[in-house]
Amino acid sequence: MHELSIAMSIVEIAEENAQQSNVKSISEIQLEIGELSGVVHEALEFAMEEAVKNTILKNAKRIIISIPGKVKCLQCQHEFEVDDIFTPCPVCSSFENDVIAGKELRVKSMVGE
Ligand SMILES: [Zn+2]
């Protein structure tokens, strides 16, 4: 399952950061997940439940921040929000675009003790 490996790498990142800053437990973790990243939030939540067991994140409150997908048209430079990258430009109907937001998949912040 894709989301489980993501959840496990999130735990890994959290444990590394905690070690570096001498944190014993994490009370809150904020994750930024882009809507174009292909991650299903519910599946990630479910996977996190499993992945945090017996780790520094076991009691951490999880906050998932969704980043809307945004692309820039390569033909007319118009920037617009999309649900998937195969959306034509509303100005010139071109399908050629660059993703400028929405592929995020990262730990935004953590609160430790
Ligand atoms: Zn365009």
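User: Where in the chain is D84 placed?

Analyst: D84 sits in the loop between β4 and β5 (97-101). This is a predicted model, and the values discussed here are computed from it.

User: What makes D84 partly exposed, rather than buried or exposed?

Analyst: The relative accessible area of D84 is 37%. Buried requires under 20% and exposed requires over 50%; D84 therefore falls in between and counts as partly exposed.

User: Which residues form the negative surface patch with D84?

Analyst: The patch consists of E35, E81, D83 and D84. Asp and Glu count as negative, so these four residues make a negative patch.

User: Why does E35 qualify for a patch, as far as its accessibility is concerned?

Analyst: Membership requires over 30% relative accessible area. E35 has 41% and is partly exposed, so this condition is met. E35 lies in the loop between β1 (26-34) and α2 (41-51). Although E35 and D84 are 49 residues apart along the chain, their C-alpha atoms are separated by 8.2 Å.

User: What separation is found between the C-alpha atoms of K58 and F80?

Analyst: K58 and F80 are 22 residues apart along the chain, and their C-alpha atoms are separated by 38 Å. K58 itself belongs to the loop between α2 and β2 (61-67).

User: Why is K58 called exposed?

Analyst: The cut-off for exposed is over 50%. K58 has 52% relative accessibility and therefore counts as exposed.

User: What makes the contact of R106 with E32 a salt bridge?

Analyst: The closest N and O atoms of the two residues are 2.8 Å apart. The criterion is a side-chain nitrogen of Lys or Arg within 4 Å of a carboxyl oxygen of Asp or Glu, so the pair R106 and E32 qualifies. The partners come from distant parts of the chain, with R106 in strand β6 (residues 105-112) and E32 in strand β1, 74 residues apart.

User: Which of these two partners is buried, and how is that known?

Analyst: E32 has 9% relative accessibility. This value is under 20%, so E32 counts as buried. R106, at 47%, is partly exposed.

User: How many salt bridges does the structure hold, and how do K53 with E50 and K70 with E79 meet the criterion?

Analyst: The structure holds 5 salt bridges. In the pair of K53 and E50, the closest N and O atoms are 3.2 Å apart. For K70 and E79 the corresponding value is 3.8 Å. Both values are within 4 Å, so both pairs count as salt bridges. Besides these pairs, salt bridges that share partners join E45, E49 and R62 into one network.

User: Why are E50, K70 and E79 each placed in the partly exposed class?

Analyst: Their relative accessible areas are 44% for E50, 30% for K70 and 39% for E79. Partly exposed covers what is neither under 20% nor over 50%, so each of the three belongs to that class.

User: What makes the phi angles of N22 and Q77 noteworthy?

Analyst: Most residues other than glycine have a negative phi. N22 has a positive phi of about 60° although it is not a glycine. Q77, likewise a residue other than glycine, has a positive phi near 70°. N22 lies in the loop between α1 (2-20) and β1, and Q77 in the loop between β3 (69-73) and β4 (79-82).

User: Which accessibility class does each of these two residues fall into, and why?

Analyst: N22, at 61%, is above the limit of over 50% and is therefore exposed. Q77, at 45%, does not pass that limit and is partly exposed.

User: Which residues touch the most other members of the largest nonpolar core?

Analyst: The core has 20 residues, of which I10, I26, I29, L31, L44, M48 and L57 touch the most other members. The elements that contribute two or more residues are α1, β1 and α2. The largest share, 6 residues, comes from α1. In soluble globular proteins, nonpolar side chains tend to be buried together.

User: Why can I85 belong to a surface patch, given its accessibility?

Analyst: I85 has 31% relative accessibility and counts as partly exposed; patches take residues with over 30%, so I85 passes that condition. Together with F86 and V99, I85 makes a nonpolar surface patch of about 270 Å². I85 is found in the loop between β4 and β5.

Notes
Residues numbered from 1 in each chain as written. Predicted model: local features only at pLDDT ≥ 70, side-chain atom pairs only at ≥ 80, totals over all residues. Heavy atoms only, no water. Patch = residues over 30% accessible without salt bridge, like charges linked within 9 Å, V, L, I, M, F, W, Y side chains within 5 Å. Areas by Shrake-Rupley, 256 points an atom, 1.4 Å probe, with all protein chains shown as cover. Charge placed at Lys NZ, Arg CZ, Asp CG, Glu CD. Helix = DSSP H or I, 4+ residues; strand = E, 2+ residues; numbered from the N terminus. Buried < 20%, exposed > 50% of the residue type's maximum accessible area, 1.4 Å probe, protein only. Core = buried A, V, L, I, M, F, W, Y, C linked by side-chain atoms within 4.5 Å.
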